[in-house]
Amino acid sequence: MKIALIGASGFIGSALREEALSRGHSVTALVSNPGRLADTPGLSIQQVDVQDSEALATKLQGFDAVLSAFSGHAQADVAGYYAKGFDSILAAARAAQVKRLLVVGGAGSLEVAPGQLLIDTPDFPAQYKASAEGARYALNKLRGQGEVNWTMLSPAAYIFPGERTGQYRLGTDQLLKDGEGKSQISVQDYAKAMIDELEEAKHPNGRFTLAYA
């Protein structure tokens, strides 16, 4: 497939890039700083300002799918920057008539009990709250529109550099945990699940999640 990947040089974006390339997909990396990526077979690198919706819409035309690993982690106002950037991405996807938009979500918007989200629990880490708020905002925006065919993949509560095992459980809106009560996934397995979804399209217009059993 011909894929556009927003945020291709970030933590999760890099894993998505490598997984997609390893399967023979053609990847166009849309990044703010092209110098962070090396020339690689199958990879095209283009500079773009995600906050410029019109310019982004031009870049998004003609792809089989768009993957967004956009985040605002490096910004002073993480949640605000994330929300503004995601609005721009969604508007650009709509204007470019993107066929499919796959989005990296957060664990904070997953349910830990009926009606209670992880982000709203007392022990949710303060350092991750702003980015979790941004991801929750993105999920609500996707659910509230009907023009763009979308899928969001929320990771387990703890995502880390590790191994690509292929051994994990999938769920929908509830936080998944293993037998010891831990909710975790490697970024490599996260990338595998996302590119599987790219190829198989099992969760159209919906959110799903994953974690080790």
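What is the volume of the largest pocket? It comes to about 1200 Å³. Bear in mind that this is a predicted model. Besides the pocket, there are 3 aromatic pairs to look at, plus a lysine, Lys2, whose charged end sits over a ring.

**The largest pocket**

- A total of 45 residues line the largest pocket, and those nearest its centre are Phe70, Ser71, Gly72, His73 and Ser131.
- Four elements give two or more residues each to that lining: helix H1 (11-22), strand E2 (26-31), helix H3 (78-95) and helix H4 (126-143).
- H4 has the largest share of the lining, with 6 residues.
- As for chemistry, the lining splits into 26 nonpolar, 16 polar and 3 charged residues.

**Aromatic rings**

- The structure has 3 aromatic pairs in all.
- Tyr158 and Phe160 make a stacked pair, because their ring planes are at 25 degrees, with the centres 5.1 Å apart, and planes under 30 degrees apart count as stacked.
- Within this pair, Tyr158 is partly exposed, at 48% relative accessible area, while Phe160 is buried, at 18%.
- The cut-off for buried is under 20%, so Phe160 with its 18% qualifies.
- Elsewhere, Phe70, Tyr81 and Tyr82 are linked into a cluster by ring pairs. Phe70 also turns up among the residues nearest the centre of the largest pocket.

**A charge over a ring**

- Look at Lys2 and Phe63 too: the charged end of Lys2 sits over the Phe63 ring, 5.3 Å from the ring's centre.

Notes. Residues numbered from 1 in each chain as written. Predicted model: local features only at pLDDT ≥ 70, side-chain atom pairs only at ≥ 80, totals over all residues. Heavy atoms only, no water. 1 Å grid on protein atoms, 1.4 Å probe; cavity = no way out; pocket = protein on both sides within 12 Å on 5 of 7 lines; lining within 4 Å. Points joined across faces, edges and corners; volume = space filled by probe spheres on them. Nonpolar A, V, L, I, M, F, W, Y, C, P; charged D, E, K, R; others polar. Phe/Tyr/Trp six-rings, centres within 6.5 Å; stacked < 30°, edge-to-face > 60°. Buried < 20%, exposed > 50% of the residue type's maximum accessible area, 1.4 Å probe, protein only. Lys NZ or Arg CZ within 6 Å of the ring centre and 35° of its normal.
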